[in-house]
Amino acid sequence: MKQKKDINVNQLTLFHDEEKDDFLEMNAPEAIDKLKIIVPPIKCQGIKTKLVPFIVDNVKRDEDGLWIEPFVGTGVVAFNVAPKRAILADKNQYIISLYQEFQNGHITPNNVREFLEYHGHILEQRGNAYYREMREAFNRNRNPLYFLFLNRADFNGMIRFNKSGQFNVPFCQKPDRFSKAYITKICNQVTKVISVMRGKDWKFICCPWQTTFTYATSKDYIYIDPPYIGRDTSYVGEWPEEEATALADYSHKTPANVCLSMWKENKFRRNDHLYDHWSDFTWVEQDHFYHFGAKETNRHPMIEVLAIKR
Ligand SMILES: C[S@@+](CC[C@H](N)C(=O)[O-])C[C@H]1O[C@@H](n2cnc3c(N)ncnc32)[C@H](O)[C@@H]1O
């Protein structure tokens, strides 16, 4: 059982990754509520939940233009910006099919509850062995509900596939993972996400990022949150320097406005790629964005930047 700690809204910026996302939801639901952040039902490395207020404050766009996200991930930014029209894309087909299924009504909060209750109960009895069976089943059937189950029962909400495309993240080692409260939290997240999608012209597409740029006009806004160079990119294969450089090139050439999310520096490193390829964009910084952790060594500031074209 995790321990509930006292926390206030100002401490929201002290969190950084997806595991802390769970911590935050558990310990500070009222803070999230106050900020009215819509938290998605899936997690991934580099999820931007804590940066949502910073991003929303800095995005100035034409409300009638298209919102384009080539690296939509969990969708947390799009859900909170809530544009009327959007292209939400990712190379990860399972995230995209889950959101398409929510959108077309094939997966509902009730389906999710039934599925998680049924498999969560067996997980409680059989632990890791059952998690592995579910992972093998997903690697055969590629069912988005299995993907959701694994994402919420695996280590740190990670998404990672091996070279043969098999999902390979280990179990979080908590057989009682799917408590009643946890399932309710996930179902409420599904309900919120479905309600924000309703009535909007949003297209979820599985494609390489380059494809999304072909839709952009001068009225549109492209928010890019690519994998970070020099940090763990094993979850979707490589994010090599050439790909990052090509993205900078496309972003300069597109007629649309562009906003890039990127780390700038911490105590140990500076992100040279940002200085080399994005210095003509306007940088807005989120200072002192700390990892939350008991150990002093986990608390080095990471400065995050939004590099905005105009
Ligand atoms: C840093 S994450 C995005 C996180 C997202 N903004 C959020 O808050 O959840 C990067 C995303 O890029 C996707 N991705 C990686 N390489 C890609 C590529 N070549 N084309 C399209 N998407 C890609 C990954 O699947 C991952 O979801």
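**Exercise 1. The chain as a whole**

Find what share of the 310 residues in the chain is buried. Then count the helices and strands, and judge how far apart in sequence the contacting residues lie.

*Solution.*
Step 1. Buried residues make up 36% of the 310 residues. The model is a predicted one.
Step 2. The secondary structure comes to 12 helices and 7 strands.
Step 3. Take the contacts with a separation of 6 or more. Residues 24 or more positions apart account for 69% of them.

**Exercise 2. Strand β1 and its neighbours**

Decide whether the faces of strand β1 (residues 66-69) are covered or open. Then find the strands that pair with β1.

*Solution.*
Step 1. Look at one side of β1: L66 and I68 are buried there.
Step 2. Look at the other side: W67 and E69 are buried as well. Both faces of β1 are therefore covered, since a residue counts as buried with 20 or more other C-beta atoms within 10 Å of its own.
Step 3. Strand β2 (residues 85-90) pairs with β1 in the parallel sense, over 4 bridges. The bridge partner of I68 in β2 is I87.
Step 4. β4 also runs parallel to β1, joined by 2 bridges. Here I68 stands opposite I222.

**Exercise 3. Strand β4**

Sort the residues of β4 (residues 221-224) by side. Then follow the pairing of β4 with β5.

*Solution.*
Step 1. Y221 and Y223 lie on one side of β4, and I222 and I224 on the other. All four positions are buried, and both faces are covered.
Step 2. β4 pairs with strand β5 (residues 257-266) in the parallel sense. The pairing has 4 bridges.
Step 3. One pair to locate is Y223 in β4 and C259 in β5, which stand opposite each other.

**Exercise 4. Helix α8 and its surroundings**

Why is α8 described as largely enclosed by the rest of the structure? Which helices do its buried residues pack against?

*Solution.*
Step 1. Go through the buried residues of α8: P144, Y146, F147, L148, F149, L150, N151, R152 and A153.
Step 2. That is 9 of the 10 residues of α8, so the helix is largely enclosed by the rest of the structure.
Step 3. The buried residues pack against α5, α6, α7 and α9 (180-197).

**Exercise 5. The crossing of α7 and α8**

Describe how α7 (residues 128-141) and α8 (residues 144-153) cross. Then name the residues that meet.

*Solution.*
Step 1. Two packed helices are described by the angle between their axes and the distance between the axes.
Step 2. The axes of α7 and α8 come within 9 Å. They cross at roughly 140°.
Step 3. The crossing of α7 and α8 is left-handed.
Step 4. From α7, the residues in the contact are Y131, M134, R135, A137, F138 and N141. From α8 they are Y146, F147, F149, L150 and A153.
Step 5. By class, the residues of this contact divide into 9 nonpolar, 1 polar and 1 charged.

**Exercise 6. Two positive phi values**

Locate A82 and Q173. For each residue, give phi and the exposure.

*Solution.*
Step 1. Start from the general case. Most residues other than glycine have a negative phi.
Step 2. Phi of A82 is near 50°, a positive value. A82 is found in the loop between α4 (76-81) and β2. With 14 C-beta neighbours inside 10 Å, A82 counts as partly exposed.
Step 3. Phi of Q173 is near 65°, also positive. Q173 is found in the loop between α8 and α9. Q173 is exposed, because it has 11 other C-beta atoms within 10 Å.

**Exercise 7. Apart in sequence, and in space**

How many residues separate N104 from I194 in sequence, and R310 from V258 along the chain? Give the C-alpha distances too.

*Solution.*
Step 1. N104 is in the loop between α5 (93-103) and α6 (109-126). It counts as exposed, because it has 8 C-beta neighbours inside 10 Å.
Step 2. N104 and I194 are 90 residues apart in sequence. Their C-alpha atoms are 9.7 Å apart in space.
Step 3. R310 is found in the segment after β7 (301-308). With 7 C-beta neighbours inside 10 Å, R310 counts as exposed.
Step 4. R310 and V258 are 52 residues apart along the chain. Their C-alpha atoms are separated by 7.7 Å.

**Exercise 8. Around the ligand**

Which residues come nearest to the ligand? How does the shell divide by class?

*Solution.*
Step 1. There are 19 residues around the ligand. G46, K48, F71, G73 and T74 come nearest.
Step 2. The shell has 11 nonpolar, 4 polar and 4 charged residues.

Definitions and conventions. Residues numbered from 1 in each chain as written. Predicted model: local features only at pLDDT ≥ 70, side-chain atom pairs only at ≥ 80, totals over all residues. Near = placed C-beta within 6 Å. Nonpolar A, V, L, I, M, F, W, Y, C, P; charged D, E, K, R; others polar. Buried ≥ 20, exposed ≤ 12 C-beta atoms within 10 Å, placed from the backbone. Axes fitted to C-alpha atoms, helices over the stretch in contact; angles between N-to-C directions. Left-handed = near helix turned anticlockwise from the far one by under 90°. Contact = placed C-beta atoms within 7 Å. Pairing = 2+ DSSP bridges.
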